[in-house]
Amino acid sequence: MSSSSFTQIRSQALNLEKQTESLLAKYSQFQNQLSQSLESTPDEEAIKQQIIDTLSKRDATIGKLNRISESATTELSTSKLQQITRHEQILQDHKSSFQRIESTLTEERNRNNLLFTVQSDISNHKRRNAPANALDTDPDSYILEESQRADNVNSIADRLLQGAYNTRDELINQRQYLQNAQSTILGTIQSVPGINVLISKINSRRKRDTLILATVIAVLAYAPTNMNDQIEKQIQLIKLKRIQELNNRLKETLKRERIPASKACALIINYVEETPDYLIPYNWKLPVDQNKFAKYNSLKQTRQAQQSAGCCIIM
């Protein structure tokens with residue numbers, strides 16, 4: 001039951017954080033409209049009140065999360081405790097941003113009111129002490145006009161500097177957000193077993209690849225200029241060796257004896273006629289007493305003659 005309520009309250013906290021960010025963005029836009037109005041507008045007051053209400057709701061929501069973590073029968077996981085801490089950090093950052101924007105608006109309006117009052121006093125003084133002829137202006141009025149122009153220029157420069165300071169503060173806040181996110185990710189990684197070993201292996205491989213790549217680039221950058229000539233010479237030598245091997249094979253082929261087909265047939269015929277073959281009767285070329293196949297043939301013929309003479313043979 002506690003886990004489900006924790007999830008619901010945390011979703012409410014996330015929604016309130018998104019609402020606060022959008023309201024702060026709208027509230028910061030009134031800094032660009034300070035020159036148009038010396039007093040706060042109803043829209044500005046409404047957004048300011050909404051921001052205050054949202055921040056109070058977030059305080060109550062974080063208090064509920066802390067009460068759930070304290071009253072839980074079983075201890076909450078480390079990730080949930082880190083989520084509560086993260087919500088508290090974001091709330092403090094939003095409060096500081098709201099206070100900074102509010103103080104900037106108040107200071108700039110006070111400054112504009114003061115300048116407007118001074119300018120109105122100067123203009124009234126000029127109207128009261130205006131000469132009858134426009135050409136009879138005294139040096140004091142000229143100095144007042146020049147000082148007024150200088151004040152206007154200084155006010156513009158001050159607004160630009162204030163905008164630059166606000167931009168710097170926003171960048172610092174974003175850096176803090178990134179640092180908090182990095183610390184949260186590192187804490188989560190440390191809580192998971194085996195992740196540190198995997199990350200160390202990835203870093204070692206990345207360093208090794210970087211070192212190999214740097215070595216190759218250095219070798220290629222500081223290699224001698226005649227390396228291309230050496231490579232071309234080696235290629236030419238390899239081509240020369242291949243051509244020589246081909247020439248040697250062609251010479252061996254030319255050295256082989258070549259005869260016409262008619263002469264080859266005559267040689268085969270002579271070999272067959274002159275070489276004795278015991279399986280061919282007309283090419284035995286041996287005496288009968290030395291040829292076993294001839295003895296067998298004569299014995300076979302004798303038996304066939306005897307069998308044809310009678311039906312019985314007495315031995």
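How do the residues of the lining of the largest pocket divide into nonpolar, polar and charged? I counted 5 nonpolar, 14 polar and 5 charged, with Ala, Val, Leu, Ile, Met, Phe, Trp, Tyr, Cys and Pro taken as nonpolar, Asp, Glu, Lys and Arg as charged, and the others, Gly among them, as polar.

**Basis.** I worked on a predicted model, in which local features need pLDDT of at least 70 and side-chain atom pairs pLDDT 80 or more, while totals for chains, interfaces and linings use all residues. Residues are numbered from 1 along each chain as its sequence is written, and side-chain values use heavy atoms, without hydrogens and water.

**Pocket.** I looked up the largest pocket (on a 1 Å grid over the protein atoms alone, an open set of points where a 1.4 Å probe fits, with protein on both sides within 12 Å along at least five of seven lines; lining residues have an atom within 4 Å of a point). Its volume, the space filled by probe spheres set on the points, which are joined across faces, edges and corners, is about 560 Å³. S28, Q31, I101, N166 and E170 lie nearest its centre. Helix α4 (a DSSP run of H or I, at least four residues, numbered from the N terminus) gives the most to the lining, with 9 residues.

**Salt bridges.** I counted 5 salt bridges (a side-chain nitrogen of Lys or Arg within 4 Å of a carboxyl oxygen of Asp or Glu). E102 pairs with K48 at 2.7 Å; the pair links helix α3 to helix α2, 54 residues apart. R100 pairs with D169 at 4.0 Å, linking α3 to α4. Both R100 and D169 are buried (under 20% relative accessible area, 1.4 Å probe, protein chains only).

Notes:
Helices (H or I, at least four residues) and strands (E, at least two) are DSSP runs, numbered from the N terminus. Buried means under 20% relative accessible area, exposed over 50%, partly exposed in between (1.4 Å probe, protein chains only).
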